[in-house]
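I opened this entry to record what I looked up about one helix, its packing and the aromatic rings.

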Amino acid sequence: RQMFEYTYDQWAPGARWWIAPQSGKVQDPYRRISLYESVQEAESDFRRHREHSRRALEKAEVLIITLGLTEIWEDSRDRSVICLPSGPYVKEGGDMSPYRFRVSRYEENLENLERIHTIMSRANPNCRIIVTVSPVHLWATFRHDLDVISASCNSKSTLRAATDEFVTRHDNVF
């Protein structure tokens, strides 16, 4: 959802960039270990990323969205979802206190799919959408209430149920 929102809408999370405390590397907390030498370089690359995303989404005849897991990390201040905490910011002792682990639920995942559909209906109304649920299971879990097998089953079942409802609501979704 965030990728679609930052591609087409104004998107200004509270913590836009992480600066690694020792190396000074600039890290994008929302994309998998995207590193830069400066905020200016990071901003420039992000603008290019948004342009390429927009171009690809507007030309697509078919969009395949693969849902992965319901275990997420979010900024407790603005609820923006970060990538798995890793990279130099985390390794060098960056402040992770604003971030919390949680499990996204059925309603939230369905709402995210609906938001993506709304954005795509505006950006590329003729695009068909195929939604899949990744078969890759959890190797570990951050949950304390379930073992990894149960957490993985819960995650995939939740996403599959949200996908099923989403597909029934739209003629261009499969």
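**Helix H4 and the aromatic rings**

I looked first at what the buried residues of H4 touch, and they pack against helix H1 (2–8), helix H2 (39–59), strand S4 (62–67), strand S8 (128–133) and helix H5 (148–169), contact being heavy atoms within 4.5 Å. Helices (H or I, at least four residues) and strands (E, at least two) are DSSP runs, numbered from the N terminus.

The model is predicted, with local features needing pLDDT of at least 70 and side-chain atom pairs pLDDT 80 or more, while totals for chains, interfaces and linings use all residues. Residues are numbered from 1 along each chain as its sequence is written, and side-chain values use heavy atoms, leaving out hydrogens and water.

I then listed the buried residues of H4 (buried is under 20% relative accessible area, 1.4 Å probe, protein chains only), among them Leu110, Leu113, His117 and Met120.

I searched the whole structure for aromatic pairs and found eleven, where rings of Phe, Tyr and Trp (its six-membered ring) pair if their centres lie within 6.5 Å, with planes under 30 degrees apart stacked, over 60 edge-to-face and the rest tilted. Tyr6 and Trp11 make a tilted pair, 5.3 Å centre to centre with 50 degrees between the planes. Trp17 and Phe46 are edge-to-face at 6.3 Å and 90 degrees, and this pair links distant parts of the chain, 29 residues apart. Trp17 is buried because its relative accessible area is 13%, and Phe46 counts as buried at 8%.

I noted finally that ring pairs link Tyr6, Trp11, Trp17, Tyr30, Tyr36 and Phe46 into a cluster.

Note on methods: Buried means under 20% relative accessible area, exposed over 50%, partly exposed in between (1.4 Å probe, protein chains only).
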